[in-house]
Amino acid sequence: MAFVFPIRVYWEDTDAGGVVFYANYLKFFERARTEWLRSLGIAQHSLREQTGGIFVVTSAQIEYLRPARLDDQLIVTAKLQSSGRASLTIEQQALLVNTDNQTQQPVLLSTGLIRIGWVDGQTMRPTRIPNRILEQLS
């Protein structure tokens, strides 16, 4: 089951044509991943203080299928696709919610596969994800 995070499109998210600027989907995905981790009891600031480690994005593969526009209401999902000893791959989607007709299914706008690695916060070198975190994610 995917975590769902609501987002409203504001002026700051759009280009001159009122369409969401492509790079802002990365921000939407980041917010959803952060809130997903928080919902699992994993606060990233506390993680660094407790373990010395942090998550960093190591790759992002995004497909843009349809545009979102000013004032659109979106839901952005985050779902663990796979985990390794030092990285996670998160499957994400941005979907348009039709607020005029609640019975209509959300429309898929963008998909992403985001790989995040676990690194030592001081050296920025990869290290093993603490078992406690992997257990919380399963």
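The legends below describe close-up views of a predicted model. Because the model is predicted, local features need pLDDT of at least 70 and side-chain atom pairs count only at pLDDT 80 or more, whereas totals for chains, interfaces and linings use all residues. Residues are numbered from 1 along each chain as its sequence is written, and side-chain values use heavy atoms, with hydrogens and water left out.

**View 1. The open sheet has five strands in the order E1-E3-E4-E5-E2, with antiparallel pairing.** Helices (H or I, at least four residues) and strands (E, at least two) are DSSP runs numbered from the N terminus, and two strands pair if DSSP finds at least two bridges between them. Strand E1 (3-8) and strand E2 (53-64) stand at the edges, and each has a single partner strand, so one side of each is left without a neighbour in the sheet. From one strand to the next the twist averages 25 degrees, where axes are lines fitted to C-alpha atoms, for helices over the stretch in contact, and angles run from 0 to 180 degrees between N-to-C directions.

**View 2. Bridges join the paired strands of the sheet.** E1 pairs with strand E3 (residues 73-83) in the antiparallel sense over six bridges, and Pro 6 has Ile 75 in E3 as its bridge partner. Eleven bridges connect the antiparallel strands E2 and E5, with Trp 118 in E5 as the bridge partner of Phe 55. E4 and E5 also run antiparallel, joined by ten bridges, and the partner of Gln 93 in E5 is Thr 111.

**View 3. Helix H1 and its C-terminal surroundings are shown here.** The 16 residues of H1 should span 22 Å at 1.5 Å a residue (the expected span is 1.5 Å times one less than the number of residues), and its end C-alpha atoms are 23 Å apart, which agrees. Among the buried residues of H1 (under 20% relative accessible area, with exposed over 50% and partly exposed in between, for a 1.4 Å probe and protein chains only) are Phe 28, Phe 29, Trp 36 and Leu 37. H1 is followed by Gly 41, whose phi is positive, near 85 degrees.

**View 4. The largest nonpolar core has 28 residues.** Such a core is a set of buried Ala, Val, Leu, Ile, Met, Phe, Trp, Tyr and Cys residues joined through side-chain atoms within 4.5 Å. Phe 55 and Ile 133 have the most contacts inside this core, and H1 supplies its largest share, six residues. Ile 133 touches Ile 42, Leu 47, Phe 55 and Trp 118 (contact means heavy atoms within 4.5 Å), not counting residues up to four places away in sequence.
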